Amino acid sequence: MRRYDLPFLILAAVSLLVGVFMGIWMGIVHDFQFAPVHAHLNLLGWVCLALFGICYRVYPALQDSPLAHAHFALAAVGAFVLPVGIGLSIAETTPVVAIAGSFIWLAAVVVFLLNLVRIAVADQPSSRLIAAE
């Protein structure tokens, strides 16, 4: 079984580092036009990826499915493509990358939900009759 908790947490920490540097840079130059990029990098990258990692640690059954790999791949890409796309949109280059990143992130969240439902359903006790004493 492949572990997904640590890869999620490592990516979260990388995202936090980039977000902190970006925040410091914006403060130094007094230019906050890219604050939405900073916010999304911290929210999707640090908060969400870290929470995903914690969920995979707390519920190891989440890792027993191909959905875990799909979730990790989509979330890892989406957490970085979406903030970059927002930056490109703010710079008035193109909104296409932000739109694509949004849909990649949406797919990651849907896959995560499906994986959670999968283990929730598998964990339900079967409905069988128990003999009375």
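## Helix H4

Helix H4 has 27 residues, which at 1.5 Å a residue should span 39 Å, and its end C-alpha atoms are 39 Å apart, in agreement with that value. The model is predicted, and the distance between the helix ends is computed from its atoms.

The buried residues of H4 are Ala98, Gly101, Trp105, Ala108, Val111, Phe112, Asn115 and Ile119. An α-helix has 3.6 residues a turn, so residues three or four places apart point the same way. The cover over the buried residues of H4 includes H2 and H3.

## Helix H2

The same check can be applied to H2. With 24 residues at 1.5 Å each, H2 should span 34 Å; the C-alpha atoms at its ends are 33 Å apart, which agrees.

In H2 the buried residues are Val37, Leu41, Asn42, Leu44, Gly45, Cys48, Leu49, Ala50, Phe52, Gly53 and Tyr56. Helices H1, H3 and H4 are among the elements that cover them.

## Nonpolar core

Which residues touch the most other members of the largest nonpolar core? They are Phe8, Leu49, Phe52, Tyr56, Ala75 and Trp105, in a core of 27 residues. At least two residues of this core come from each of four helices: H1 (5-29), H2 (35-58), H3 (66-90) and H4 (96-122). In soluble globular proteins, nonpolar side chains tend to be buried together.

Tyr56, one of the residues that touch the most other core members, is buried in H2. Leaving out residues up to four places away in sequence, Tyr56 touches Tyr4, Asp5, Phe8, Leu62, Gln63, Ala68, His71, Phe112 and Asn115. Of these contacts, Phe112 and Asn115 are buried residues of H4, while Phe8 is, like Tyr56, among the core residues that touch the most other members.

## Aromatic pairs

The whole structure holds eight aromatic pairs. One of them joins Tyr4 and Phe72; the pair is tilted, with 6.1 Å from centre to centre and 50° between the planes. Tyr4 sits in the segment before H1 and Phe72 in helix H3, so that the pair links distant parts of the chain, 68 residues apart. Both residues are buried.

Ring pairs also build a cluster, made up of Tyr4, Phe8, Phe52, Tyr56, Phe72, Trp105 and Phe112. Within that cluster, Phe52 and Tyr56 are buried residues of H2, and Trp105 and Phe112 are buried residues of H4. Phe8, Phe52, Tyr56 and Trp105 also appear among the residues that touch the most other members of the largest nonpolar core.

## Salt bridges

Two salt bridges are found in a search of the whole structure. In one, the side chains of Arg3 and Asp5 meet at 2.8 Å, N to O. Arg3 counts as partly exposed because its relative accessibility is 41%, whereas Asp5, at 3%, counts as buried.

The other bridge is between the side chains of Arg57 and Asp5, at 3.4 Å, N to O. This pair links distant parts of the chain, with Arg57 in helix H2 and Asp5 in helix H1, 52 residues apart. Arg57 has a relative accessibility of 55% and therefore counts as exposed. Through shared partners, the salt bridges join Arg3, Asp5 and Arg57 into one network. Asp5 is also in the list of residues that Tyr56 touches.

## Loops

Is Ser65, in the loop between H2 and H3, buried or exposed? Ser65 is buried because its relative accessible area is 11%, and the cut-off for buried is under 20%. Apart from neighbours within four places in sequence, Ser65 is in contact with Asn115 and Arg118. Asn115 is itself one of the buried residues of H4 and one of the residues touched by Tyr56.

Two loop residues have a positive phi without being glycine. His30, in the loop between H1 and H2, has a phi of about 55° and is exposed, with a relative accessible area of 64%. Glu92, in the loop between H3 and H4, has a phi of about 60°. Glu92 is also exposed, its relative accessible area being 72%.

Notes:
Residues are numbered from 1 along each chain as its sequence is written. This is a predicted model: local features need pLDDT of at least 70, side-chain atom pairs count only at pLDDT 80 or more; totals for chains, interfaces and linings use all residues. Side-chain values use heavy atoms; hydrogens and water are left out. A nonpolar core is a set of buried Ala, Val, Leu, Ile, Met, Phe, Trp, Tyr and Cys residues joined through side-chain atoms within 4.5 Å. Buried means under 20% relative accessible area, exposed over 50%, partly exposed in between (1.4 Å probe, protein chains only). Contact means heavy atoms within 4.5 Å. The expected span of a helix is 1.5 Å times one less than its number of residues. Rings of Phe, Tyr and Trp (its six-membered ring) pair if their centres lie within 6.5 Å; planes under 30 degrees apart count as stacked, over 60 as edge-to-face and the rest as tilted. A salt bridge is a side-chain nitrogen of Lys or Arg within 4 Å of a carboxyl oxygen of Asp or Glu.
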